[in-house]
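Please open the model in a viewer and keep the selection tool at hand. The tour proceeds from one selection to the next and ends with the chain as a whole.

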Amino acid sequence: MFQSELAIMLYVDNINDALAFWQGIGFVGQKIDDNAATIKPAVDSQVTLNLYAKAFIREVSPEVVDNVPSLMFQANDFDALHAKVTAVSDAVGDIVAVPGLGRVFNFADPDGHYYAVCEVK
């Protein structure tokens, strides 16, 4: 049966750059080797992002190397997170109001993958 934990695989050009970016916006994690790292939004999170080097994925599973998930994170300290992401990324969207979701912004990681963040009160 499925577990309550969830791991999402993200394929990146450079493990060190990706890990530094995610840690810079508050994620916790560690490098496993030159081809992989694992990060979480919080130590007790049930969601893990597994970062894998694209070069490695091209060798072991070339059919998935270009797959990119569409992820929306939730944040309760929304304005502080927007400021933190703005400090480490040149690609951060304005905060906008989205019907049914509330305040939302998006940002890109060093590989150009975009993510959304919605405010949770």
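Begin by selecting histidine 82, which lies in helix α3 (residues 78–88). Helices (H or I, at least four residues) and strands (E, at least two) are DSSP runs, numbered from the N terminus. This is a predicted model, in which local features need pLDDT of at least 70 and side-chain atom pairs count only at pLDDT 80 or more, while totals for chains, interfaces and linings use all residues. Residues are numbered from 1 along each chain as its sequence is written, and side-chain values use heavy atoms, with hydrogens and water left out.

Is histidine 82 buried or exposed? With a relative accessible area of 18%, histidine 82 is buried; the term means under 20% relative accessible area, whereas exposed means over 50% and partly exposed lies in between (1.4 Å probe, protein chains only). Display its surroundings next: leaving out residues up to four places away in sequence, histidine 82 touches Val92, Gly93, Ile95 and Phe105. Contact here means heavy atoms within 4.5 Å.

**Strand β5 and its partner**

Select residues 72–75, which form strand β5. Phe73 and Ala75 make up the covered face of β5, and Met72 and Gln74 the uncovered one. In a regular strand the side chains alternate between the two faces of the sheet. Add residues 114–119, strand β8, which runs parallel to β5 and is joined to it by four bridges. Two strands pair if DSSP finds at least two bridges between them. To locate one bridge, pick alanine 75, whose partner in β8 is glutamate 119.

**Strand β3**

Move to isoleucine 39 in strand β3 (residues 36–40). Isoleucine 39 counts as buried because its relative accessibility is 1%. Which residues touch isoleucine 39, apart from those up to four places away in sequence? They are Leu19, Trp22, Phe27, Val28, Gly29, Val47, Thr48, Leu49 and Leu51. A distance label between the C-alpha atoms of isoleucine 39 and phenylalanine 27, twelve residues apart along the chain, should read 6.2 Å.

**Strand β4, between two partners in the pairing list**

Select residues 47–53, strand β4. Five of its seven residues are buried, so β4 is largely enclosed by the rest of the structure. β3 and β4 run antiparallel and are joined by four bridges; the two strands form a hairpin with six residues between them. Strand β1 pairs with β4 in the parallel sense, over seven bridges. Now highlight leucine 51 in β4: it is the bridge partner of alanine 37, and leucine 10 also stands opposite it.

**Strand β1**

Continue to valine 12 in strand β1 (residues 6–12). Valine 12 is buried, with a relative accessible area of 1%. Apart from neighbours within four places in sequence, valine 12 is in contact with Ala18, Leu51, Tyr52, Ala53, Lys54 and Asp111. A second distance label, from valine 12 to cysteine 118, spans 24 Å from C-alpha to C-alpha, for a sequence separation of 106 residues.

**The whole chain**

Finally, clear the selection and colour by secondary structure. The protein chain has three helices and eight strands, in the order β-α-β-β-β-α-β-α-β-β-β along the sequence. Its C-alpha atoms fill a box of roughly 40 × 40 × 25 Å, taken along the principal axes. Of the 121 residues, 36% count as buried. Among contacts with a separation of 6 or more, 46% are between residues 24 or more positions apart.
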